[in-house]
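I opened this model to look up a few things and wrote down what I found. The entries follow in the order I made them.

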Amino acid sequence: MNRLLNRIWVRFGLWIAATVLVTIGILGASVAVFAHYQYKSFYNSLPDKVRREIDLLRMEDQDESPRAVEIYSEYWDGDLLFGESERWALLIGLLVCLPFGLATGFWVSRLVTQPLYSMAEAAKRIALGDFTVRAEPGRKRGEMADMVRDFNHMTDALQQLESERKATAAAVSHELRTPLAVLRARLHAVCDGVIAPDPAEFRTLLDQVEHMGRLVDDLHTLSMADAGRLSLQSVELDLVPLVADALARHADLLAQCGINPELRLHTEAARIHADPDRMRQVVSNLIDNALRHASEGGWLEIGVALDEADDSVVLTVSDAGPGLPEDVRKTLFQRFSRARTANGMPSPKSGSGLGLSIVSALVVRQGGSIAADVSARGGTRFTVRMPAR
């Protein structure tokens, strides 16, 4: 019942019906008051003898007797059924009801359309780029309040997207500016003969170009994921050998950083439906993240297990690094989110800040989820869940 009453057309119809009933009531009351005034005038104008006679007829409940009709016909001024006085009563009643009806109509219209007006005003300001404005739901309930609430949620999402767009543009320009400045300065030095164009110098310049190339590739991957156009060659695959192969490929780097890798397989096979190259990219990015931020811990554990209750394959990558504060973990998968030093500056070990964003985008795009919490040794543990086949 409450759900039906919260419908916009039902509430609007009830308001209109109530307005009509109140208007009719006022009209009837106006006519009754005027009729009573007319009767009092008629009664006072009667001779004393006739007045006593008609009082007696009313006491005997003979208001419609032939003698009563005769008195009314002789002394009443106008038509007894719909005479001049009744027409005046109706006209006065209409004059009283007209301003009330108009005022009530405008008030109901204002009451019903106020949230719509608020949304229209908010939409105008949003179209001009002001995402701080919100529509006012007032004290409304039901569909109208839900519509205003959904409109404000949409505005929240637009404001967040706009903030991310500005932050991304600023971060991209910052990331490209540094290698471009290095390239410009060193190429000027080579042209001016200050630096000798030897193979070592060319290697330095090539490293800067490759850094920019990786940044552009990462941004391209994220933009394709955002547009839903990320190329995926999904097949049924076993995650166990894929993880073992990715770990073997990083064996030399892990050894150079003094990290002891451990592979814990809690199942012989973990079959999922995903793109093998993209899943290798996920595992590699998580290992690279541990190499960059948790090498001092000297420990890296990669686990693969089946979660029968959730019907999913669980991949965990744990390290013994310094770990991450709770507030950092909340924004860990946002673009250009970087670990920071104690003074709030980006850590010198930080990369472009896109690696974990790419991991999250690839996992989500393939129907999985990713989360970060504290590992068994106090570092960071990434947990990737993919639907099992």
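Before looking at single residues I fixed the terms: buried means under 20% relative accessible area, exposed means over 50%, and partly exposed lies in between. I also noted that this is a predicted model.

Entry, Trp88. I looked up its place and found Trp88 in helix 5, which covers residues 84–127. Is Trp88 exposed or partly exposed? Its relative accessibility is 45%, and because the partly exposed class runs between the 20% and 50% limits, Trp88 counts as partly exposed.

Entry, surface patch. I then checked what surrounds Trp88 on the surface. Trp88 belongs to a nonpolar patch there, together with Leu91, Ile92, Leu95 and Val96. I noted about 450 Å² of accessible area for the five residues together.

Entry, Ser118. I stayed in helix 5, where Ser118 is also found. Ser118 has a relative accessible area of 14%; the limit for buried is under 20%, so Ser118 is buried. Which residues does Ser118 touch, leaving out those up to four places away in sequence? I found Ala135 and Glu136.

Entry, whole chain. I counted 12 helices and seven strands in the protein chain. The chain has 389 residues, and 33% of them count as buried. For the exposed area of the protein chain I wrote down about 23600 Å², with carbon and sulfur atoms supplying 58% of it. Last, I looked at contacts with a separation of 6 or more: residues 24 or more positions apart account for 67% of these in the protein chain.

Methods
Residues numbered from 1 in each chain as written. Predicted model: local features only at pLDDT ≥ 70, side-chain atom pairs only at ≥ 80, totals over all residues. Heavy atoms only, no water. Patch = residues over 30% accessible without salt bridge, like charges linked within 9 Å, V, L, I, M, F, W, Y side chains within 5 Å. Areas by Shrake-Rupley, 256 points an atom, 1.4 Å probe, with all protein chains shown as cover. Salt bridge = Lys/Arg side-chain N within 4 Å of Asp/Glu carboxyl O. Helix = DSSP H or I, 4+ residues; strand = E, 2+ residues; numbered from the N terminus. Buried < 20%, exposed > 50% of the residue type's maximum accessible area, 1.4 Å probe, protein only. Contact = heavy atoms within 4.5 Å.
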